[in-house]
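User: I'm new to reading protein structures, and I'd like to work through one with you. Could we take it step by step?

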Protein chains: 2
Amino acid sequence: MTRWVRFRAGDGRVGFGVLGANGVLEHNGDVFASAQPTGRSLPSGTFTLLNPCQPSKIVALWNNFHALGAKLGKAAPSHPLFLIKPGTCVIGPGEAIQRPKAYGGKIAFEGELGIVIGRRCKDVSPSEAPGFIFGYTCVNDVTAAEVLNENGDFAQWCRSKGYDTFGCLGPAIATDFDWTHARVITRLDGAERQNYPLSDMILPPAELVSRISHDMSLLPGDVIAVGTSLGLGSMKDGATVEIYIEGIGSLTNTVRAPVR
Amino acid sequence: MTRWVRFRAGDGRVGFGVLGANGVLEHNGDVFASAQPTGRSLPSGTFTLLNPCQPSKIVALWNNFHALGAKLGKAAPSHPLFLIKPGTCVIGPGEAIQRPKAYGGKIAFEGELGIVIGRRCKDVSPSEAPGFIFGYTCVNDVTAAEVLNENGDFAQWCRSKGYDTFGCLGPAIATDFDWTHARVITRLDGAERQNYPLSDMILPPAELVSRISHDMSLLPGDVIAVGTSLGLGSMKDGATVEIYIEGIGSLTNTVRAPVR
């Protein structure tokens with residue numbers, strides 16, 4: 001398994017490479033198509049990790065785990081139910097989740113697996129879909145919970161989940177990742193709040209990529225957040241939330257109050 | 001009033017410029033920041049118009065006209081109610097609206113005014129907002145009507161409106177456009193189906209840009225589709241739909257059945 005990261009070096013330069021035990025082996029070219037090692041490596045402590053990809057959109061699933069669907073009393077959907085989070089919402093590991101100005105309500109975390117698309121795809125079959133998946137990352141699909149149902153006529157999915165900093169991705173994109181035996185673990189200020197198996201997914205990655213590619217073109221770097229399961233909850237200002245998936249790593253972000 | 005367009009020349013070259021009576025005065029640089037005339041002009045008939053901007057997202061409003069809200073029995077919202085259409089849905093004048101494979105249901109047109117953002121903005125006030133508006137274009141906010149409510153638990157706004165080719169923009173971006181006295185006219189195979197005044201808008205452009213900029217960063221080229229009013233309806237395969245706003249021009253697209 002290879003773990004790809006983007007980084008900012010001490011001199012401000014942004015690059016990408018492969019994460020190893022002692023740092024990053026820098027590469028150049030196109031991470032999705034033609035990455036070549038530069039021969040340089042950056043020792044740990046000399047760089048900051050960034051969001052590992054720059055999606056044009058995050059396609060975020062609702063009701064895609066049996067356990068949460070059962071708790072909510074919702075039938076398993078036959079087609080992915082999703083909203084779109086804009087590219088402007090994305091942050092990387094260690095960056096602050098910024099409470100929106102003029103919003104004093106609950107902000108929820110949702111630990112999720114993210115599928116990272118490697119090649120533009122449209123109308124692909126489930127058997128073709130794995131060839132369009134570059135790898136997997138951790139997602140915190142952050143939500144301004146009280147915005148969602150603020151208006152009784154229209155559920156505000158895109159607004160409540162689309163704020164800048166509400167799409168946390170990272171720390172790496174793991175290729176050759178076997179999701180079938182992995183779990184998503186979410187810790188809030190160190191206390192475990194979610195720990196669920198990805199095998200409980202209703203529509204698995206190949207099916208999601210295939211079906212969503214029939215709804216819209218998916219571009220390299222786009223992320224499908226496969227949905228969350230039991231244990232999602234809210235975070236107070238100053239809280240630190242960690243999404244951990246073995247083989248991908250740990251994505252940690254802290255909630256920051258607006259400067260008044 | 002200046003009307004900016006993007007075009008593909010006869011030799012395949014893509015460029016942009018100002019639309020005049022006899023063709024396009026080509027410019028180079030950044031249309032939103034530093035456009036300079038090249039001195040070349042392209043006579044009418046030697047180029048094809050493209051979508052006039054390439055939005056990272058279209059923010060599409062629901063329930064933003066008093067007349068349609070009253071017909072639907074919905075209260076006027078105090079904050080914009082919107083979904084996000086991805087950049088991959090955008091087409092320009094003359095391009096085909098492609099019926100999705102495996103969808104045999106109704107496809108609806110919605111003639112709308114589109115606000116084109118000229119400068120990145122976040123948390124701007126209504127009085128600052130006009131400085132971030134580059135101009136205005138026509139939008140056909142196309143919808144796979146039967147997808148929207150296919151699942152009783154989750155209204156599929158992003159999916160039903162996000163298909164490739166479902167975001168028709170053009171033919172031009174008009175700057176210094178006075179929306180207060182303009183009307184949106186939609187013709188289906190030549191027959192007028194919508195003709196409503198933009199003055200009936202619930203939240204006007206400066207208010208929309210300000211409020212949506214508090215929800216997410218808006219980028220140069222992003223489009224806010226301000227919502228539609230009475231007369232929206234469905235289009236059969238082969239039908240031609242035209243959205244016309246005086247001062248902007250006529251945006252015409254034809255619905256195409258999938259190749260089986």
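User: Thanks! Does B:Asn63 count as buried or exposed?
Analyst: Happy to help, and do keep in mind that this is a predicted model. B:Asn63 sits in the loop between β6 (57-62) and α1 (66-72) of chain B. A residue needs 20 or more C-beta neighbours within 10 Å for the label in question. B:Asn63 has 22 inside 10 Å, so the label is buried.

User: What is the phi of B:Asn63?
Analyst: Most residues other than glycine have a negative phi. B:Asn63 is not a glycine, yet its phi is positive, at about 55°.

User: How does A:Thr165 count by its C-beta neighbours?
Analyst: You will find A:Thr165 in the loop between α3 and β14 of chain A. Its phi is positive, about 80°, although it is not a glycine. Buried takes 20 or more neighbours, and exposed takes 12 or fewer. A:Thr165 has 19 inside 10 Å, so it counts as partly exposed.

User: Which residues does the cis peptide bond in chain A join?
Analyst: Most peptide bonds are trans. In chain A there is a cis bond with an omega of about 0°, and one of its two residues lies in strand β14 (residues 167-174). The pair it joins is A:Gly170 and A:Pro171.

User: And which residues does the cis peptide bond in chain B join?
Analyst: Look in strand β14 (residues 167-174) of chain B, where B:Pro171 is found. Omega is about 0° for this bond, and the residues joined are B:Gly170 and B:Pro171.

User: What relation do chains A and B have to each other?
Analyst: Two copies of a chain are related by a rotation about an axis and a shift along it. Here chain A can be laid on chain B by a turn of 180° and a shift of 0.0 Å along the axis, with an RMSD of 0.0 Å. That is the relation of a two-fold axis.

User: Which residue of chain A comes closest to the rotation axis?
Analyst: The distance to look at is the one from the C-alpha to the axis. At 3.1 Å, the residue of chain A that comes closest is A:Ile84.

User: Which element gives the largest share of the side of chain A that touches chain B?
Analyst: The contact takes 34 residues from chain A and 34 residues from chain B. On the chain A side, the elements giving two or more residues are β6, β7 (81-86) and α3 (157-162). With five residues, the largest share comes from β7(A).

User: Why can we say that the copies meet through the same surface?
Analyst: By class, the side of chain A that touches chain B has 16 nonpolar, nine polar and nine charged residues. To compare the copies, ask how much of the interface of chain A is also interface in chain B. The copies meet through the same surface because that share is 100%.

User: Within chain A, which element gives the most to the side of domain 1 that touches domain 2?
Analyst: The domain assignment of chain A gives domain 1 (3-49) and domain 2 (51-256). Eight residues of domain 1 are in contact with 16 residues of domain 2. On the domain 1 side, the elements that give two or more residues are β1 (3-9) and β5 (47-50). The one that gives the most, with four residues, is β1(A).

User: Which residue stands opposite A:Glu242 in β20(A)?
Analyst: Strand β19 (residues 240-245) and strand β20 of chain A pair in the antiparallel sense over six bridges. They form a hairpin with three residues between them, and A:Gly247 in the turn has a positive phi of about 100°. Across from A:Glu242 in β20(A) stands A:Thr252.

User: Which residues touch the most other members of the largest nonpolar core?
Analyst: Take A:Val209 as an example: it is one of the buried residues of helix α4 (residues 205-213) of chain A. Leaving out residues up to four places away in sequence, its contacts include A:Ile115, A:Phe132 and A:Leu218. Of the 156 residues in the largest nonpolar core, those touching the most other members are A:Ile115, A:Val209, B:Ile115 and B:Val209.

Notes: Residues are numbered from 1 along each chain as its sequence is written. Chains are lettered from A and ligands numbered from 1 in the order in which they are written. This is a predicted model: local features need pLDDT of at least 70, side-chain atom pairs count only at pLDDT 80 or more; totals for chains, interfaces and linings use all residues. Domain bounds come from an automatic or database domain assignment. Two residues are in contact if their C-beta atoms, placed from the backbone, lie within 7 Å. Ala, Val, Leu, Ile, Met, Phe, Trp, Tyr, Cys and Pro count as nonpolar, Asp, Glu, Lys and Arg as charged, and the others, Gly among them, as polar. Two strands pair if DSSP finds at least two bridges between them. Copies are superposed by least squares on the C-alpha atoms of residues with pLDDT of at least 70 in both. A nonpolar core is a set of buried Ala, Val, Leu, Ile, Met, Phe, Trp, Tyr and Cys residues joined through C-beta atoms within 7 Å.
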